[in-house]
Amino acid sequence: MIKTLRYSLLSLLVLVCGSAFAQKTVIFDATVDSYGNNENTDNIVLTKDGVTLAVTQGNFGNGKQFRIFKGHSITVSAESGNVTSIVFTCTASNTTKYGPGCFAQLDGYTYDEKVGTWVGSAPEVTFSAESNQVRATKIEVTVAESGQVIISKPTVSGAEYFLESTEVSLAAAEGDIYYTIDGTEPTAASTKYEAPFTLDASATVKAIAVKDGKESAVVEKAFEKVVPNDIVIGNVLFMDEPVKWQRVYFSNSQVVYVKGSQVYIREAQSGSGAAIFYNVGLPAGIKRGDILNGSIIVDYTLFNEMPEFISNPLTDVSAVTIDGTEEIIPVSSVTIEDLETGLYKCNDVLIQGQIVTGDDGKYYLQEEGGKTILFYGNDEAVSEYADNGKTYFVESIYYGIYKGTYELLPISVYENDPTAISDVKAETNANGAIFNLAGQRMSKLSKGINIVNGKKIIK
């Protein structure tokens, strides 16, 4: 009987201790948890395991991200107990568009790269998307039952990826912080945090907060020292797999086309290697013909089978300079067969043939012999020359291969080969005062060589 009583008391003690530290974490995953059918919606309410997300306006039904629109808010609440931690994993970093730093300042809330973390204790917490829309792929909510003593885990801040070194800071709402950097679990016997420290090698920082003998859950963050691969644009011409951390060097490289946040750059003014630089923050106002020098750290990927570079946490354009602009951009005369070799991807090319309208209503260039290639985008450049039986020279950007279909983005149409006369840019349209070679002013371009704004134009 005494033995039975002893076991009963032990079981009760375990139950009490377990409940004293009981808490739960509810994870909302945008690929699994949804509201609506990919619609922009007012008053979204999404509930899971006793935790509710209430959004005044957003989109929680696209299967990719939870979107909280600019000027609106998300309130996180618990059916019972207090919310002690909320973690947003976002699609962008810090205060950039869609990042966790787009929320208004809130006590207990910090963000680092793509992760925003709130720690505290409250039945509900409201975040306002102030500077821009916030997009989160995952929202993790930790709840402690009422009356329980829960020590909030600390936060870890610092550049997740770095070249030489990074400074790491730890913070806690209460208690002292103890941490490790060797992968072991921290305890009250580990290194006590006193001030920010520097890492010069890859490491995982793990930390706990300790107060009145009670320990928080462990928080951890991995830091990676990056050694970029040094390349020039031409190195990736035939790379068919994505590769991270590429330091691309520009040496009199030339911009051949700009379309929104897509900048097409070739290795040199007369080089054959070219690639797209997408949304990497190149200098504002960059334009066709600009000459670039310097370097940039980016990731390599593919866009419609075209070589493309995209930004990463180490992307910094401060080392890129624009050193002049060339108004005349050398082009490569090619055939469709030449394009199929892959040598001219993302480059400025000149191709000859008739411009025809396909059965699908789209415009194509048709070479002698009947071989065709699709013009995609900028239809106004070619539409007036279609289906008249004439042969033209069309300057284009080798734009992509979409579902096996080769695509050119047309720029200009010429009736004569513009490369046949040195220093003459051949165009079918021009603006400004027009003169012939005798100095007589003309009302429109005439056949042969014209002078427009001091430049030679051939029609």
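Which residues form one aromatic cluster with Phe 88? In this predicted model, the other members of that cluster are Phe 103, Tyr 109, Tyr 111 and Phe 127.

Aromatic rings recur elsewhere, for the structure holds 19 aromatic pairs. One of these is formed by Tyr 264 and Tyr 399, whose rings are stacked, with 6.3 Å from centre to centre and 25° between the planes; the pair counts as stacked because planes under 30 degrees apart are assigned to that class. The two tyrosines link distant parts of the chain, since Tyr 264 belongs to strand β22 (residues 262-266) and Tyr 399 to strand β31 (residues 391-402), with their positions 135 residues apart in the sequence. Both Tyr 264 and Tyr 399 are buried.

Rings also meet charged side chains. The charged end of Arg 135 sits over the ring of Tyr 98, at 3.8 Å from the centre of that ring, while Lys 244 lies over the face of Trp 245, at 4.6 Å from the ring centre.

A further aromatic residue, Phe 223, is found in strand β19, which covers residues 219-225. Phe 223 counts as buried because its relative accessibility is 2%, and buried means under 20%. Leaving aside residues up to four places away in sequence, Phe 223 touches Val 156, Ser 157, Gly 158, Ala 159, Glu 160, Phe 162, Thr 166, Val 168, Leu 199, Ser 202, Ala 203 and Val 205. Of these contacts, Thr 166 can be followed in the backbone as well: the C-alpha atoms of Phe 223 and Thr 166 are separated by 8.4 Å, although the two residues are 57 residues apart along the chain.

Note on methods:
Residues are numbered from 1 along each chain as its sequence is written. This is a predicted model: local features need pLDDT of at least 70, side-chain atom pairs count only at pLDDT 80 or more; totals for chains, interfaces and linings use all residues. Side-chain values use heavy atoms; hydrogens and water are left out. Helices (H or I, at least four residues) and strands (E, at least two) are DSSP runs, numbered from the N terminus. Buried means under 20% relative accessible area, exposed over 50%, partly exposed in between (1.4 Å probe, protein chains only). Contact means heavy atoms within 4.5 Å. Rings of Phe, Tyr and Trp (its six-membered ring) pair if their centres lie within 6.5 Å; planes under 30 degrees apart count as stacked, over 60 as edge-to-face and the rest as tilted. A charge sits over a ring if NZ of Lys or CZ of Arg is within 6 Å of the ring centre and within 35 degrees of the ring normal.
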